[in-house]
Amino acid sequence: MPFRYIPSRQRLINLDSNIPNADYDIYTDGSRIVNETGFAVRIHKDETNIQKHLFKLNTFNSVFQSELAAIEFAANWAVKEKVKVNVHTDSPSLISAINSANTRSEFVNKLKPNIFKAKNVGGISWVKAQVGIPGNEMADQQAKLAITSSEELFIPAPYSYLKYLLKNYIVKKNVTNIGIAVIQPQELG
């Protein structure tokens, strides 16, 4: 969704890092191993995991997309359940993208209205990765597990992947054209 079509009040989402008296803590993580991508969402109440959701994405999806999809899932869950949550992620760039008024990422802009709906029921905070925070450690492990054994979720290819495909196509086309130009004079001689 182009930036100009997002209502101005939804362009800048300044989510609190943590809200007081949250009903749940939600830990999210995305992972990519070789060409496989997935994410996990763990919902905790009083430091006990009560739900987990694992999703496998397409081979062309990025870790950033998986992390963002996990945040959107958490936000939608909070709105649907009408509960207050604190979402924890180990991706500071994700928080910056969500909070930015001028992000160029179509994927971020597409999800902002959904995240905006959760503005009054949730906070989002950065947690340092691999420092022994149990919820985050389990989300990390389960994001890796999601790659091989979970429900598949379709997310469109990121712009960077499309650029990669186009560049490869152009390079192959040019190599073919150069090859023909070199071969033709030899065949004439």
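**Strands, a helix and a surface patch**

User: How many bridges join strand E1 to strand E2, and do they run parallel or antiparallel?

Analyst: In this predicted model, strand E2 covers residues 36–45, and E1 is joined to E2 by nine bridges. One of the facing pairs sets Ile33 opposite Glu36 in E2. The number of bridges is nine, and the direction in which the two strands run is antiparallel.

User: Which residue in the turn between E1 and E2 has a positive phi?

Analyst: E1 and E2 form a hairpin, with two residues between them. In that turn, a positive phi of about 55° belongs to Val34.

User: Which residue in E4 stands opposite Ile26?

Analyst: Strand E1 is also joined to strand E4 (residues 85–89), by four bridges, and these two strands run parallel. Within E4, the residue that stands opposite Ile26 is Val87.

User: Is strand E1 largely enclosed or not, and how many of its residues are buried?

Analyst: A residue counts as buried when its relative accessible area is under 20%. Strand E1 spans residues 24–33, and it is largely enclosed by the rest of the structure because the number of its ten residues that are buried is seven.

User: Is Leu165 buried, partly exposed or exposed?

Analyst: Leu165 has its place in helix H6, which covers residues 159–188, and together with Leu162 and Tyr164 it makes a nonpolar surface patch of about 300 Å². Its relative accessible area is 38%, and the class between under 20% and over 50% is called partly exposed. Leu165 is therefore partly exposed.

Terms used: Residues are numbered from 1 along each chain as its sequence is written. This is a predicted model: local features need pLDDT of at least 70, side-chain atom pairs count only at pLDDT 80 or more; totals for chains, interfaces and linings use all residues. Side-chain values use heavy atoms; hydrogens and water are left out. Patches are made of residues with over 30% relative accessible area and no salt bridge: like charges are joined within 9 Å, nonpolar side chains (Val, Leu, Ile, Met, Phe, Trp, Tyr) within 5 Å. Accessible areas come from the Shrake-Rupley method with a 1.4 Å probe; for residues, only the protein chains shown count as cover. A salt bridge is a side-chain nitrogen of Lys or Arg within 4 Å of a carboxyl oxygen of Asp or Glu. Buried means under 20% relative accessible area, exposed over 50%, partly exposed in between (1.4 Å probe, protein chains only). Two strands pair if DSSP finds at least two bridges between them.
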